[in-house]
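Trainee: I'd like a close look at the salt bridges in this one, please. Start with the layout so I can find my way around, then show me what sits around the pairs.

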Amino acid sequence: MDILTDEGIFAMENEKRCQSCGMPMSDRDIVYGKNANGTTNTDYCSYCYNHGKFTSDMTMDQMIEHCAPHLASQEGMTRDEARHLMRAFFPTLKRWNDHH
């Protein structure tokens, strides 16, 4: 599969993804972040968001650098390929869509 096309790893429209790091999440996942009042926040994973705030204060580029090794390893690609994909995809995520 060509990961850079509409059939690529980020193009799964029915798959819920963290709106900060792009990690896949399902309705049964316990990986969702928590709001300040303890309720589940289904927009963000617990790695990115907990207790009503983001767990790290970073830019989109810093998040890409943080996530690139994980995506590269998981998908069997180079870190540069992972960065390229994330630079195209991350601006569509809720946390970053006003940063381009």
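**Salt bridges and their surroundings**

Mentor: Going along the sequence, you'll meet the elements in the order β-β-β-β-β-β-α-α. That gives 6 strands and 2 helices in the chain. Keep in mind that this is a predicted model. Of the 100 residues, 37% count as buried. As for how the chain meets itself, take the contacts between residues at least 6 apart in sequence: 42% of them join residues at least 24 apart. The accessible surface is about 6,500 Å², and carbon and sulfur atoms account for 47% of that.

Now to your salt bridges. The count comes to 4. Let's begin with D43 and K94, whose side chains meet with N and O 2.6 Å apart. This pair links distant parts of the chain: D43 sits in strand 4, K94 belongs to the segment after helix 2 (79-89), and their positions lie 51 residues apart in the numbering. On the K94 side there's some access to the surface, with a relative accessible area of 45%, so K94 is called partly exposed.

Stay with strand 4 for a moment, since it has another polar residue to look at. N41 is in this strand, which covers residues 40-45. With a relative accessibility of 12%, N41 counts as buried. Its side chain isn't left without a polar partner: N41 makes a side-chain contact with N35 at 2.9 Å. Setting aside residues up to four places away in sequence, N41 touches Y32, G33, K34, N35 and Y49.

Next, go to the two helices. The side chains of R83 and E65 form a salt bridge with an N to O distance of 2.8 Å. Here R83 comes from helix 2 and E65 from helix 1 (residues 60-75), so this is again a link between distant parts of the chain, 18 residues apart. The two partners aren't equally accessible: R83 is buried at 17%, while E65 is partly exposed at 38%.

E65 has a second arginine partner. R87 also forms a salt bridge with E65, and there the closest N and O atoms are 3.9 Å apart. That still counts, because the cut-off for a salt bridge is 4 Å. R87 lies in helix 2 and E65 in helix 1, so the pair ties together parts 22 residues apart in sequence. R87 itself is partly exposed, at 46% relative accessibility. Put D80 into the picture too, and you have a network of salt bridges linking E65, D80, R83 and R87.

What about the nonpolar side of things? In soluble globular proteins, nonpolar side chains tend to be buried together. In this chain, the largest nonpolar core has 25 residues, and those with the most contacts inside it are C18, C21, C45, M63, A82, M86 and F90. Strand 4, helix 1 and helix 2 are the elements that give two or more residues to this core. The largest share, 7 residues, comes from helix 1. So the elements you met through the salt bridges turn up again here: D43 is in strand 4, and the R87 and E65 pair spans helix 2 and helix 1.

C18 brings the two themes together. Apart from neighbours within four places in sequence, C18 is in contact with M23, M25, D43, Y44, C45, C48 and L93. D43 in that list is the salt-bridge partner of K94.

With cysteines turning up like this, you might wonder how many disulfides there are. The structure holds 0. A disulfide would need the two sulfur atoms within 2.5 Å. For C48, the closest cysteine sulfur is the one in C21, and at 3.7 Å it's too far for a bond. C67 also has C21 as its closest, but the gap there is 5.1 Å, again too far. Both cysteines are tucked away from the surface: C48 is buried at 6%, and C67 is buried at 11%.

One last stop, for contrast with those buried residues. H51 lies in the loop between strand 5 (49-50) and strand 6 (53-54). H51 is exposed, with a relative accessible area of 62%. Look at its backbone as well: phi is positive, about 55 degrees, although H51 is not a glycine.

Key:
Residues are numbered from 1 along each chain as its sequence is written. This is a predicted model: local features need pLDDT of at least 70, side-chain atom pairs count only at pLDDT 80 or more; totals for chains, interfaces and linings use all residues. Side-chain values use heavy atoms; hydrogens and water are left out. Helices (H or I, at least four residues) and strands (E, at least two) are DSSP runs, numbered from the N terminus. Buried means under 20% relative accessible area, exposed over 50%, partly exposed in between (1.4 Å probe, protein chains only). Contact means heavy atoms within 4.5 Å. Accessible areas come from the Shrake-Rupley method with a 1.4 Å probe; for residues, only the protein chains shown count as cover. A polar contact is a pair of N or O atoms within 3.5 Å; within protein, one must be able to donate a hydrogen and the other to accept it, and residues adjacent in sequence count only if both atoms are side-chain atoms. A nonpolar core is a set of buried Ala, Val, Leu, Ile, Met, Phe, Trp, Tyr and Cys residues joined through side-chain atoms within 4.5 Å.
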